[in-house]
Amino acid sequence: MQLRNSITRWGVVSQVLHWAIVGFLLVMAVLGLSMTELPNGIDKIKTYALHKSLGITVLALILLRLLWRLVAGPAPAAPGPRWQRRLAATTHAALYVLLLAMPLSGWAFNSAANFALRWFGWVNLPRLLPADPGLKAVFHAAHEWLFWLLVGVVLLHAAAALKHHWLDRDDVLRRMLPWSQTHKEKT
Ligand code: HEM
Ligand code: HEM
């Protein structure tokens, strides 16, 4: 088991961060899409607070992921024609931008709506923007639309990973899975 990325696979740190962020995003999506329908009351307030605190945690994980990528570098480019490698690089860059934009738009919306932000009831976080109904509407819409854009890019990304695995039968998915041996490691 290797901490850093190598020429054959993503290291443990990159793998754990990748799959942890996927898991957190699923929970965030379920909370975000269901909480707005809850009847007003203490459960709704608690669910909103959980969504916001987890969202800030995801932001920290994403910053850690970007920092680690700078330190450890990426795994080597995946096999395949040049246009596919370019599409993969563009998709990955878009994913990083959307991953940052999602929690930041939520935080900006929360600030413009003049709501307090306490991370798990423990740390007070500053406002990103002054309270303003116009900005509130802009960032509310941005938070929702960025989410659906993220869903679209993630579907493309996951479809490409499965295509590599099942059709091309190469190591692209295996090298992101902790329990799976790549062809090079078997020989
Ligand atoms: C990775 C992070 C995040 C994801 C994937 C996410 C996702 C979502 C989704 C899908 C919705 C429902 C949108 C709708 O249908 O109106 C939502 C709503 C909301 N999010 Fe997030 N969110 C994230 C982070 C945050 C953060 C960090 C905050 C605040 C600090 C936040 C604050 C809110 C609020 C206040 C709403 C409710 C909007 C309303 O009442 O209509 N979100 N989020
Ligand atoms: C919320 C969902 C997801 C997000 C946000 C996400 C994000 C990312 C990002 C940003 C990278 C780029 C790594 C880099 O170059 O630094 C990556 C790589 C990767 N992801 Fe995902 N991912 C998600 C879901 C999935 C799923 C469902 C699969 C598998 C079906 C998958 C398989 C992979 C693989 C195999 C790589 C490595 C690609 C390579 O080695 O070139 N991801 N992911």
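**Exercise 1. The site at ligand 1**

Task: Identify the protein donors of the iron atom of ligand 1, and describe the arrangement of its donors.

Solution.
- Step 1. The protein donors are His51 and His143, each through NE2, lying 2.0 to 2.1 Å from the iron atom of ligand 1. The model is predicted.
- Step 2. Place the pair in the chain. His51 sits in helix H2 and His143 in helix H4, 92 residues apart, so that the pair links distant parts of the chain.
- Step 3. Check the angles. The 6 donor atoms around this iron subtend 88 to 180 degrees, and the arrangement is therefore octahedral. The rule asks for opposite donors over 155 degrees apart and all others between 65 and 115.
- Step 4. Check the accessibility of His51. Its relative accessible area is 12%, so His51 is buried. The cut-off for buried is under 20%.

**Exercise 2. The site at ligand 2**

Task: Work out which residues coordinate the iron atom of ligand 2, and class His18 and His157 as buried, partly exposed or exposed.

Solution.
- Step 1. His18 and His157 coordinate this iron through their NE2 atoms, at 2.0 Å.
- Step 2. The pair links distant parts of the chain: His18 belongs to helix H1 (residues 12-35), His157 to helix H4 (residues 133-168), and 139 residues separate them.
- Step 3. The site has 6 donor atoms with angles of 87 to 179 degrees, and is octahedral.
- Step 4. His18 has 17% relative accessibility, so His18 counts as buried. His157 has 25%, so His157 counts as partly exposed.

**Exercise 3. The second largest pocket**

Task: Find which helix gives the most to the lining of the second largest pocket, and break the lining down by class.

Solution.
- Step 1. Start with volume. The second largest pocket holds about 320 Å³ of space.
- Step 2. List some of the lining. Among the lining residues are Lys44, Ile45, Tyr48, Phe115, Arg118 and Gly121.
- Step 3. Assign the lining to elements. Helix H2 (residues 42-72) gives the most, with 6 residues.
- Step 4. Sort by class. The lining has 7 nonpolar, 2 polar and 3 charged residues.

**Exercise 4. Positive phi outside glycine**

Task: Locate Asn114 and Arg169, then compare their phi values and accessibility.

Solution.
- Step 1. Asn114 is not a glycine, yet its phi is positive, about 70 degrees. Arg169 is not a glycine either, and its phi is about 55 degrees.
- Step 2. Asn114 lies in the loop between helix H3 (82-112) and strand E1 (118-119). Arg169 lies in the loop between H4 and helix H5 (183-186).
- Step 3. Asn114 has 45% relative accessibility, so Asn114 counts as partly exposed. Arg169 has a relative accessible area of 61%, so Arg169 is exposed. The cut-off for exposed is over 50%.

**Exercise 5. Asp168 and the whole chain**

Task: Place Asp168 in its element and relate Asp168 to Pro79; then describe the overall make-up of the protein.

Solution.
- Step 1. Asp168 is found in helix H4. Its relative accessible area is 36%, so Asp168 is partly exposed.
- Step 2. Asp168 and Pro79 are 89 residues apart in sequence, and their C-alpha atoms are 9.5 Å apart in space.
- Step 3. Widen the view. The protein has 5 helices and 2 strands, in the order α-α-α-β-β-α-α along the sequence.
- Step 4. Take the dimensions. The C-alpha atoms fill a box of roughly 60 × 30 × 30 Å along the principal axes.
- Step 5. Take burial and contacts. Of the 187 residues, 35% are buried. Among contacts with a separation of 6 or more, 65% join residues 24 or more positions apart.

Key
Residues are numbered from 1 along each chain as its sequence is written. Chains are lettered from A and ligands numbered from 1 in the order in which they are written. This is a predicted model: local features need pLDDT of at least 70, side-chain atom pairs count only at pLDDT 80 or more; totals for chains, interfaces and linings use all residues. Side-chain values use heavy atoms; hydrogens and water are left out. On a 1 Å grid over the protein atoms alone, a cavity is a set of points where a 1.4 Å probe fits but cannot get out, and a pocket is an open set with protein on both sides within 12 Å along at least five of seven lines; lining residues have an atom within 4 Å of a point. Grid points are joined across faces, edges and corners, and a volume is the space filled by probe spheres set on the points. Helices (H or I, at least four residues) and strands (E, at least two) are DSSP runs, numbered from the N terminus. Ala, Val, Leu, Ile, Met, Phe, Trp, Tyr, Cys and Pro count as nonpolar, Asp, Glu, Lys and Arg as charged, and the others, Gly among them, as polar. Donors are N, O and S atoms within 2.8 Å of the metal (3.2 Å for Na, K and Ca); water is not among the atoms, so sites may look incomplete. Four donors count as tetrahedral if all angles lie between 85 and 135 degrees; four count as square planar and six as octahedral if opposite donors are over 155 degrees apart and all others between 65 and 115; anything else is irregular. Buried means under 20% relative accessible area, exposed over 50%, partly exposed in between (1.4 Å probe, protein chains only). Contact means heavy atoms within 4.5 Å.
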